[in-house]
Amino acid sequence: MFKRILILAALVFAAMAALTYWGPDFVVNALAQTEGQGDVTAPRQVFEAGHIQVTASSREGQDEYSALTAARYIALKRILETVQGLDLTGTSTIQNGMLASEIIETSVKGFVQGATECGNSYDRAKGVGTVCMRLGLTGQGGLYDTVYPVIQSEMNITTAPRYQGLGTSDGTAEAAEAVDILHDGLIVDVRAFPEFRPAMVNRILVDNDTVIFQPANVAGTVLVERGCGGYTNTLDKAKAQLEAWGSTNPLVIEAAGVQERSDVVISVFDADKAFSDNETTNMFANARVVYLLN
């Protein structure tokens, strides 16, 4: 542990020294040179991929150590900016949480330091170092594992009234047939609502002012591994993602609306079917939910 602290301190000191020596113009120029080269930084990209990825390069004319150190600093800076810009909810970003709480700020900055290298190179002819760095949202050490519990505690994210089910049988043959088919996953089609945005807290509301799915429904270990579900842009991809999570017969429903950009609203009829099936298949506790986007 002590060795890790020493290494981290040395890295931070070297990066700060590089910034002091080269000045802010170097940072701006280097960012301009590397922007868009295979990066995963747009919020929707990040949530779909499940990670942030940044490639950064130093200015020319540097020895290998200085060039790679500078490139790492720039990459970490851009990763931090990306994390800050992610939506916590539809009306609040992670940066809002950092401004509201020093504990959240410390947690986020510590989390960013856990980014791992996914490649590096040094151009000896030009004296330029290039580094690829990646930071995961899910999995051990990811955003949901290290930062979300702190945000939840500090910002007092409360849960809405839970949907309790109304009963699906209405005496018709169609309803009776539907009851016999159990679904073990949920695909919510929100393509008709381009304002919808993936966030750390995406909820599924019912049009009777209750909530049927939110992070509180997800088992702790599953939330770490999957977050609040998945995001993709085709039905086939959505089914494939759910299949990888153990679902063989997902329920596909269309959103009836969107509230505050991150909350999807569905009809009571669809909610009742999902609620009834979930009682047997536990699809919500296992976060077997995928949002189908444009």
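**Figure 1. Strand 7 and strand 12, with I204 opposite V264.** I204 has V264 in strand 12 as its bridge partner. The two elements, strand 7 (residues 203–206) and strand 12 (residues 263–266), pair in the parallel sense over four bridges. Pairing requires that DSSP finds at least two bridges between two strands; strands (E, at least two residues) and helices (H or I, at least four residues) are DSSP runs numbered from the N terminus. The model is predicted: local features need pLDDT of at least 70 and side-chain atom pairs count only at pLDDT 80 or more, while totals for chains, interfaces and linings use all residues. Residues are numbered from 1 along each chain as its sequence is written, and side-chain values use heavy atoms, with hydrogens and water left out.

**Figure 2. The open sheet 8-7-12-11.** Four strands make up this sheet in the order 8-7-12-11, with mixed pairing. Its edge strands, strand 8 (210–213) and strand 11 (257–259), each pair on one side only. Neighbouring strands of the sheet are turned by 40° against each other on average, direction ignored. Angles run from 0 to 180 degrees between N-to-C directions of axes, which are lines fitted to C-alpha atoms, for helices over the stretch in contact.

**Figure 3. The open sheet 9-13-6-10 and helix 11.** This sheet of four strands has the order 9-13-6-10 and parallel pairing. Strand 9 and strand 10 (250–254) are the edge strands, each pairing on one side only. The average turn between neighbouring strands is 20°, direction ignored. Helix 11 (residues 235–244) lies across strand 6, strand 9, strand 10 and strand 13, and runs at about 155° to strand 6.

**Figure 4. Strand 13 and its two partners.** Strand 6 (residues 185–189) pairs with strand 13 in the parallel sense over four bridges, and strand 9 (residues 230–232) does so over three bridges. V290 of strand 13 is the bridge partner of I187 and also stands opposite G230. Y291 in strand 13 stands opposite V188. From strand 13 (residues 289–292), V289 and Y291 point one way, V290 and L292 the other way, and all are buried (under 20% relative accessible area, with a 1.4 Å probe and protein chains only). In a regular strand the side chains alternate between the two faces of the sheet.

**Figure 5. Nonpolar cores.** A nonpolar core is a set of buried Ala, Val, Leu, Ile, Met, Phe, Trp, Tyr and Cys residues joined through side-chain atoms within 4.5 Å. The largest one has 64 residues, and V83, V188, I212 and Y291 have the most contacts inside it. Helix 4 (residues 64–85) gives the largest share of this core, eight residues. Another core, of six residues, lies apart from it and has A238, W245, V290 and L292 among them. V83 touches I52, I94, V108, F111, V112, L135 and L143, not counting residues up to four places away in sequence; contact means heavy atoms within 4.5 Å.

**Figure 6. Surroundings of Y122.** Y122 is found in strand 4 (residues 116–123). A polar atom of the Y122 side chain lies 2.5 Å from the backbone oxygen of Q62, and the Y122 side chain reaches the backbone nitrogen of E64 at 3.5 Å. The C-alpha atoms of Y122 and Q62 are separated by 9.7 Å, with their positions 60 residues apart along the chain counted as the distance apart.

Methods
A polar contact is a pair of N or O atoms within 3.5 Å; within protein, one must be able to donate a hydrogen and the other to accept it, and residues adjacent in sequence count only if both atoms are side-chain atoms. Buried means under 20% relative accessible area, exposed over 50%, partly exposed in between (1.4 Å probe, protein chains only).
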